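Colleague: Could you take me through one part of this model closely? Short sentences, please, and explain the terms as you go.

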Amino acid sequence: MSSAFLNDRAFIHVSGTGATDFLQNLITPDLDSLPAGEARPGALLTPQGKIMFEFLIWRDGEGYVLETGGDQQDALLRRLTMYKLRAPVDLKAGEAKGASVFWDEAAPEDAIKDSRFAKASLELYRLPGHSASADASSYDGLRIANGIVVAGIDYPLSDAFPHDVLMDVNDGVSFKKGCFVGQEVVSRMKHRGTARRRVVTVTAEADLPATGTDILTGGKPIGTLGTVIGKQGLAIIRTDRAADAMASGTDITTGGIAVTVALPAWSGLGFPAVDPAATAED
């Protein structure tokens, strides 16, 4: 079995008779449609619709487990506690440190299926704690290949909309369940089709430069490199500007290296059509 231990992951447990209603009115995914044994991506947004915290969420009996970055755990727990008021909900940090992930073969009995990879027709399972020994590099390679980003290395919190990180196509945000924090903004983006930044895989013929290096076309930045392994990486870029570059034959580069960019096949997304008359810059 292929596996890896992710030492930078942490957990929050949400339980109590009001757990579902409490979370359903706050976070982006639809919990009513969340099946047992499946982890779904989600976020708690700012009122302006940007991702304040990101996580995976799954059912745990009558409650839920949120898996998030270790550097987000305390702040997310404080934020949830702020919203709690008198709701019949218990919130506590999980004791497990780190997460183990498994793919290619049968997973441990209690492992949870990661729905993000399932969208890409890959079965990957997660389990709190240290039951896998390999490091995260092979897992990061899977993320790059399938266009799956994480906050911190691939994008900064409070800077990205759910659409930017593909939550609108991986069940990370519901447009039908009703109100949640930031819902009006992301719903407007959905219905007006105004999302212009998207996750792409970045490929070069030489090793890519370090995470954080600007991606340029015509000398102007269109995004920033995230996770990088050798000649491949992830980035969130302005797809309209990338489309203009590809249509005109202008190189897309990072660190002086020419690259190609591609939207994840599973997303069903394409680069926008180029309007030759549209020359105005934002």
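Modeller: Here is a close look at one strand and its partners, followed by a pocket.

This is a predicted model, in which local features need pLDDT of at least 70, side-chain atom pairs count only at pLDDT 80 or more, and totals for chains, interfaces and linings use all residues. Residues are numbered from 1 along each chain as its sequence is written, and side-chain values use heavy atoms, without hydrogens or water.

Start with strand β2, residues 9–15. Strands here are DSSP runs of E with at least two residues, helices are runs of H or I with at least four, and both are numbered from the N terminus. In β2, 5 of the 7 residues are buried, so the strand is largely enclosed by the rest of the structure. Buried means under 20% relative accessible area, with a 1.4 Å probe and protein chains only.

Now its partners. Two strands pair if DSSP finds at least two bridges between them. β2 runs antiparallel to β5 (residues 63–69), joined by 6 bridges. Ile 12 has Leu 66 of β5 as its bridge partner. β2 also pairs with β6 (residues 90–93), again antiparallel, over 4 bridges. There, Ser 15 stands opposite Asp 90.

Next, the second largest pocket. A pocket is an open set of points on a 1 Å grid over the protein atoms alone, where a 1.4 Å probe fits, with protein on both sides within 12 Å along at least five of seven lines; lining residues have an atom within 4 Å of a point. This one holds about 320 Å³ of space. Its lining has 20 residues, and Asp 8, Arg 9, Val 150, Ala 151 and Ile 153 are the closest to its centre. The largest share of the lining, 3 residues, comes from α4.

Terms used. Grid points are joined across faces, edges and corners, and a volume is the space filled by probe spheres set on the points. Buried means under 20% relative accessible area, exposed over 50%, partly exposed in between (1.4 Å probe, protein chains only).
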